[in-house]
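Open the model in your viewer and keep the sequence panel beside it. The stops below say what to select and what is there.

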Amino acid sequence: MPQVVLVPGLWMPAAAMAYLGAHFARVGFATHLFSYRGRSPFDANVERLARYAQAHPGAHYVGHSLGGVLVLETLNRHPALAAGSALLLGAPVRGCFAGRRFGRAGFGRWMLGASARLWEEHAAEWHRPEPLGVIAGTVALGLGRAFGRLPGQNDGVVCVGETEVAGMACRALVPLGHSALVVSGRVARLACTFLREGRFE
C-alpha cells in the first residue's frame, strides 16, 4: 500500500492534516501524521523528519506552510531517503514577507522562535528526480494581513511568488486562503491526482 506523510504548518498540530489524510486513505494510501514544534530549531526538525522518513521508505510527502518548507529541505538534504513525490501547500519556500513583518515586533519574534530566519528572502530549488508539486492560494484571507496588505497575489499569509521552486514539476493556483488549503475538497482532489500521477491533470 502506498504511504503518504503529512506535515502541518507552524503552530498547527498534526491533526490539522487529518482532513487531507482521510481523502488519501479513501483512495488507498496509508497516511502518517508527522508532528514537530515549529518554534524549535529548524535544523533539528529536519533531522527529526529524516529519521521519521527512514521508517516509511518510498512514502509521498505533503507539507503545508512551514511543513512544506520542512519537507523540501529534508528531502534535499537527504538524497538517499527513498520518496515517491513531494507536494507543498502554501509553503513560503523563498521566504515570507508577512513573516518578516510579523517578526519586527517582540511578540512576533517570540512566536516565530527559531524559525524566524526562514522568512528572509532566498532561492528555492528541488534537487531530486521525484516530482515536486506546488499548490498556492490566491484569496487574501489569513493572519498575515493583520499588519497590512501583502504584495501581489497571496493567500493572506504567503505570496504566490514565495511558493515557486526551481525544478518543480507543476504548480496549481486555487482561490483559497492560507488555512483553507488543508480543509478544501478541491485541494484534496488535486493532491490525490498528483500523488498518483505526478501532475495535476
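Select Ala140, in the loop between β5 (132-137) and β6 (170-174); the model is a predicted one. Is Ala140 buried or exposed? Neither term applies, because its relative accessible area of 33% makes Ala140 partly exposed, where buried means under 20% and exposed over 50%. Now add Pro175, 35 residues from Ala140 along the chain, and draw a distance between the two C-alpha atoms: the separation is 9.1 Å.

Next, select strand β1, residues 3-7. Five of its five residues are buried, so the strand is mostly covered. In a regular strand the side chains alternate between the two faces of the sheet. Show the side chains here: Gln3, Val5 and Val7 point one way from β1, while Val4 and Leu6 point the other way. Both sets are buried.

Keep β1 on screen and add strand β2, residues 30-33. The two strands pair in the parallel sense, over four bridges. To find one of these pairs, pick Val4, whose bridge partner in β2 is Thr31.

Last, select helix α1 (residues 18-26) together with helix α6 (residues 185-197). Their axes lie 10 Å apart, and the helices pack at an angle of about 50°, which means that α1 is oblique to α6. The crossing of α1 past α6 is right-handed. For the contact itself, show Tyr19, Leu20, His23 and Phe24 on α1, and Gly185, Val187, Ala188, Ala191, Cys192 and Leu195 on α6. Colour this contact by class: eight residues are nonpolar, two are polar and none is charged.

Conventions. Residues numbered from 1 in each chain as written. Predicted model: local features only at pLDDT ≥ 70, side-chain atom pairs only at ≥ 80, totals over all residues. Heavy atoms only, no water. Axes fitted to C-alpha atoms, helices over the stretch in contact; angles between N-to-C directions. Parallel < 35°, antiparallel > 145°, perpendicular 65-115°, else oblique. Left-handed = near helix turned anticlockwise from the far one by under 90°. Contact = heavy atoms within 4.5 Å. Nonpolar A, V, L, I, M, F, W, Y, C, P; charged D, E, K, R; others polar. Buried < 20%, exposed > 50% of the residue type's maximum accessible area, 1.4 Å probe, protein only. Pairing = 2+ DSSP bridges.
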